[in-house]
Amino acid sequence: MPSPRKKRRREVTRVPRSDAALPEYDRSTVPKGLVTRRQLRNMGLSPGANEGPVAILRCKLCATRPQWSCRHPTRGYLIRVDLAKPKRIPTLAQERALDQAMAARQTCGQCARRFYICLSKKLGCCLECFDGTPVDPSSLMTLPAPAVHRLAA
């Protein structure tokens, strides 16, 4: 029987905060005009002319170690708001192309019904067509009724 593997701890390369490449701020000390990408997205803006982060938002753990720079993957990068631009609005042709692509992923190949979720590529069809599992009616998209021609005769 093989012996259980011992977990090795990664060696942490610690850098003094004074030698860090970018200035670092704790969560409550961020100056006005600097935000994370997520905050920028919530404001309806894109990075625009920002050429990368200008500062680092330290994680909660590193707030207890003020002398070391933050190296954790949970740290955030701060971007300047004044260089940000409004998000681009897609054209109608782009929206139509996206809808066609999503329709191809959401439509069953056997019964031709469209769902709100993307169907499995592995199955190639919905669960009802695959093994008879009933489909929840609220998961189906209802297409608009075809136009009825009324001839005046």
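This report describes the fold, the sheet and one pocket of the structure shown above.

**Overall make-up**

The model is predicted, and its secondary structure amounts to three helices and six strands. Read from the N terminus, the elements follow the order β-β-α-β-β-β-β-α-α. Of the 153 residues in the protein, 19% are buried, where buried stands for under 20% relative accessible area. The accessible surface is about 13000 Å², and carbon and sulfur atoms contribute 56% of that surface. When contacts in the protein between residues at least 6 apart in sequence are considered, 56% of them connect residues at least 24 apart.

**The four-stranded sheet**

Four strands form an open sheet in the order β1-β4-β5-β2, and the pairing within this sheet is mixed. Strands β1 (24-25) and β2 hold the edge positions and have a single partner strand each, so that one side of each lacks a neighbour in the sheet. The pairings are set out below, each with one bridge as an example.

| Strand pair | Sense | Bridges | Example of bridge partners |
|---|---|---|---|
| β1 and β4 | parallel | two | Y25 and L57 |
| β4 and β5 | antiparallel | three | A55 and L78 |
| β2 and β5 | antiparallel | two | L34 and R80 |

Following the sheet from the β1 edge, β1 is joined to β4 in the parallel sense by two bridges, and Y25 has L57 of β4 as its bridge partner. Strand β4, which covers residues 55-57, is in turn connected to β5 by three bridges, with the two strands running antiparallel; in this pair, A55 is matched with L78 of β5. Strand β5 (residues 76-80) also pairs with β2 (residues 34-35), again in the antiparallel sense and over two bridges, and here R80 of β5 is the bridge partner of L34.

**The second largest pocket**

Rolling a probe the size of a water molecule over the atoms reveals where empty space remains. How much space lies in the second largest pocket? The volume comes to about 160 Å³, and 13 residues line this pocket, among which F115, I117, L119, C126 and L127 are the closest to its centre. Which classes of residue make up the lining of the second largest pocket? Nine of the lining residues are nonpolar, three are polar and one is charged.

Technical notes. Residues are numbered from 1 along each chain as its sequence is written. This is a predicted model: local features need pLDDT of at least 70, side-chain atom pairs count only at pLDDT 80 or more; totals for chains, interfaces and linings use all residues. Side-chain values use heavy atoms; hydrogens and water are left out. On a 1 Å grid over the protein atoms alone, a cavity is a set of points where a 1.4 Å probe fits but cannot get out, and a pocket is an open set with protein on both sides within 12 Å along at least five of seven lines; lining residues have an atom within 4 Å of a point. Grid points are joined across faces, edges and corners, and a volume is the space filled by probe spheres set on the points. Ala, Val, Leu, Ile, Met, Phe, Trp, Tyr, Cys and Pro count as nonpolar, Asp, Glu, Lys and Arg as charged, and the others, Gly among them, as polar. Two strands pair if DSSP finds at least two bridges between them. Buried means under 20% relative accessible area, exposed over 50%, partly exposed in between (1.4 Å probe, protein chains only). Contact means heavy atoms within 4.5 Å. Accessible areas come from the Shrake-Rupley method with a 1.4 Å probe; for residues, only the protein chains shown count as cover.
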